[in-house]
Amino acid sequence: MVGLTGRIGSPVEASRSEAASFEASLEGLLHTDRLSSSVIYDGRGNAESHRFQVGYTAYPSYPIERFETEEYLFCLEGILYDVPDASLADELQSIASLLFETGQRTDDKGNSTTDAQLEEFREWLLDVDGTFLCAILEKETGELVLFNDVLGRLPTYYYADSDRVLFSRELRYLLESVPPEFDRLGAAQCLLFGYSLGTRTLIDGVERLRPGTLVRIRADPLDLEIIDVHTFSFDDPKHTTRTRSQNARELATRFVSACDRRAGSFETDLISLSGGLDSRSVLAGYHAAGRQIKAATMESAEYVPISDVELAEELADAFDVEWQSYDVGHPSGADLDTLIKTKNGQIGLMTSFVLTFLRQLEADHGHSMAYITGDGGDKALPDLTPSRSVERGDLPDYIIAENSILDIDQVARITGVSTAAIRQSVREHVRTYPETTVDGTYIHFLLYERAANFLFEGEDRNRLFFWSETPFYSLPFFRYAMNCPPEQKTRYKLYRSFLQSLSPTAANCTHALYGAPVNSYRHAAGALADDILSRYPSVLETLKPIIKSVNDLDTEATLDPATLECIRDQVDRIDTLEARFDTDELHQFLDTADDREKYAVYRIFALTSVIDDLTSTEQNRPSILERRSDTIFA
């Protein structure tokens with residue numbers, strides 16, 4: 001996978017061979033021929049007992065900037081969209097001076113960053129519009145700071161013990177470097193939701209870097225300090241006194257600016273276009289900014305409704321942009337294995353077919369391309385508050401009921417973690433959120449858990465091929481959108497006004513979900529029906545197949561025998577699986593797979609594949625997916 005990796009803790013007597021071993025360790029992250037690795041720092045400064053090693057993996061056009069001054073070495077992964085290239089060095093130099101100016105002294109609590117410095121740094125994070133991870137090393141002391149953008153758009157992981165600190169953009173680097181002690185509770189959460197909560201991962205001690213976090217790593221003695229610079233609170237939206245039309249116009253203005261800032265960083269800007277509202281908003285935003293754009297759409301009888309392709313072509317014609325559809329079929333075992341090795345179970349295997357689409361885009365447009373999506377439109381503009389009245393004490397149970405993939409009792413039987421322990425873990429984690437209202441707390445869960453811990457991982461998959469971005473998470477737009485009141489967002493009301501303000505052409509084109517333009521009475525009626533049905537989940541589940549059929553949202557994708565056979569082989573052949581899951585329970589689950597949601601089966605498939613991959617690496621043998629690289633999984 002692309003991105004930064006660091007290792008701190010080699011002994012003072014480390015030789016050149018040990019330095020070379022760090023470079024060799026990066027080679028395990030080179031999952032395609034286009035990727036290469038580079039060591040950008042290997043030294044100790046004044047640290048007498050520890051070595052600081054930092055490097056990265058990337059393809060030529062991937063945005064990584066490395067430069068140094070007399071005092072510092074800088075490595076920025078990603079893009080600061082509102083900082084001109086000519087000003088980037090000065091911008092980061094000012095941040096380095098801010099973060100290291102008290103590096104030689106500490107306050108009475110042993111912290112080297114004062115409240116005033118932290119507040120100034122927080123203000124900078126909240127002001128800059130970017131997707132990034134930055135490492136700055138002070139040469140004299142060997143002290144290193146690592147920080148990400150305030151939304152945590154680039155998934156990053158770290159591990160620390162008394163002897164070393166490791167961090168990497170790819171979880172696999174840490175899984176191969178530390179004792180693979182399985183975190184049963186993390187696995188239970190991952191089976192339940194599709195992602196673990198907070199900093200948890202599948203491996204005990206390996207943690208996920210939270211959004212808006214500053215990491216300070218010192219030597220002599222080795223010390224890791226994790227500072228939460230900023231966590232958003234979604235209580236009390238600020239724009240309640242403004243009308244929906246006023247908010248929509250302001251959002252449209254900010255959205256066009258976000259598109260304009262993101263345009264032109266690469267040779268090609270290409271939109272992943274569908275019949276939904278999010279991608280057409282991006283198309284309209286780039287058009288309003290006067291930026292050149294191309295568009296592409298996946299076409300597949302198995303995975304993509306025909307209406308999506310037809311509407312994408314209609315939108316491309318309406319905006320007079322170059323457009324092409326790409327036929328994709330079922331993924332191979334090699335595709336599934338690629339996702340396992342690069343994303344390590346952090347995203348589901350059901351999306352493996354997307355790799356064919358991404359490869360086709362790379363072949364036609366090269367890797368100097370920005371792949372622009374509508375990701376985040378489903379979070380910034382709709383009403384994310386609970387669909388019914390929920391008491392604060394009942395919110396954890398509501399979260400589980402509304403967001404679970406597998407039944408919690410089933411998860412407990414498979415993992416050996418009791419339902420009470422799983423529920424308690426959700427309850428305790430939700431208590432750490434800054435919100436005091438039920439609505440704000442639930443919004444926080446959807447953004448900091450489902451978006452940051454799961455959806456961002458899906459976007460990161462794209463970066464194996466080219467840079468992937470969305471204007472919906474542009475900070476000026478996102479912050480304004482999240483401060484618009486929920487009552488304006490219900491039933492697409494704010495989205496409708498936003499799209500009409502942004503582009504009447506886009507608003508007048510049919511929305512695939514309801515088979516009608518967003519500004520039509522039919523669309524409003526459909527949204528009202530959905531809103532009512534969401535308050536009665538059992539009725540919605542009964543009517544869902546009918547709704548999908550009427551709106552041409554059914555596809556032919558079903559679970560095939562090859563998938564079940566592969567999972568059974570993994571369950572039977574992985575020596576260490578019994579230490580992690582109840583294999584009898586897994587077999588019973590697979591026996592009833594025809595009655596299960598395909599997504600639930602593939603969630604289990606992802607975890608058994610990760611375990612198989614790690615075990616196979618330890619035992620120096622091919623994994624089952626590697627053996628089945630040519631098998632087609634339907």
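**Exercise 1. Decide whether R491 counts as buried, partly exposed or exposed, and describe its backbone.**

Solution. Start with the surface: R491 has a relative accessibility of 38%. Partly exposed covers the range between under 20% (buried) and over 50% (exposed), so R491 counts as partly exposed. Next, find its place in this predicted model: R491 sits in the loop that joins α17 (486-489) to α18 (493-502). Finally, look at the backbone. Most residues other than glycine have a negative phi. R491 is not a glycine, yet its phi is positive, near 55 degrees.

**Exercise 2. Work out where N620 lies and whether it is buried or exposed.**

Solution. First locate N620: the loop between α24 (598-619) and α25 (624-627) holds it. Then check the surface. The relative accessibility of N620 is 72%, so N620 counts as exposed. As a last step, turn to phi: N620 has a positive value of about 55 degrees, although it is not a glycine.

**Exercise 3. Find how helix α13 and helix α23 cross, and which residues make the contact.**

Solution. Take the axes of α13 (residues 408-415) and α23 (residues 583-591): they come within 7 Å and cross at roughly 140 degrees. Now classify the angle. Roughly antiparallel needs over 145 degrees, and roughly perpendicular runs from 65 to 115; α13 is therefore oblique to α23. Then list the partners: α13 brings Q410, R413 and I414, while α23 brings E585, L586 and F589. Sorted by class, this contact has three nonpolar, one polar and two charged residues.

**Exercise 4. Place V417 in the structure and name the residues that it touches.**

Solution. Begin just after the helix you have met: V417 lies in the loop between α13 and α14 (419-430). Its relative accessibility is 11%, so V417 counts as buried. Next come its neighbours. Leaving out residues up to four places away in sequence, V417 touches R184, L185, A188, A412 and I422. For a sense of distance, try Y371: V417 and Y371 are 46 residues apart in sequence and 40 Å apart in space, C-alpha to C-alpha.

**Exercise 5. Describe the second largest pocket: how much space lies in it, and which element gives the most to its lining?**

Solution. Start with the volume, which is about 460 Å³. Its lining has 22 residues, and the closest to the centre are P63, E65, I79, D85 and S265. Then look at the elements: β4 (64-68), β5 (72-80) and α6 (244-262) each supply at least two lining residues. β5 gives the most, with four. To finish, sort the lining by class: twelve nonpolar, five polar and five charged residues.

Key: Residues are numbered from 1 along each chain as its sequence is written. This is a predicted model: local features need pLDDT of at least 70, side-chain atom pairs count only at pLDDT 80 or more; totals for chains, interfaces and linings use all residues. Side-chain values use heavy atoms; hydrogens and water are left out. Buried means under 20% relative accessible area, exposed over 50%, partly exposed in between (1.4 Å probe, protein chains only). Axes are lines fitted to C-alpha atoms, for helices over the stretch in contact, and angles run from 0 to 180 degrees between N-to-C directions. Angles under 35 degrees count as roughly parallel, over 145 as roughly antiparallel, 65 to 115 as roughly perpendicular and the rest as oblique. Contact means heavy atoms within 4.5 Å. Ala, Val, Leu, Ile, Met, Phe, Trp, Tyr, Cys and Pro count as nonpolar, Asp, Glu, Lys and Arg as charged, and the others, Gly among them, as polar. On a 1 Å grid over the protein atoms alone, a cavity is a set of points where a 1.4 Å probe fits but cannot get out, and a pocket is an open set with protein on both sides within 12 Å along at least five of seven lines; lining residues have an atom within 4 Å of a point. Grid points are joined across faces, edges and corners, and a volume is the space filled by probe spheres set on the points.
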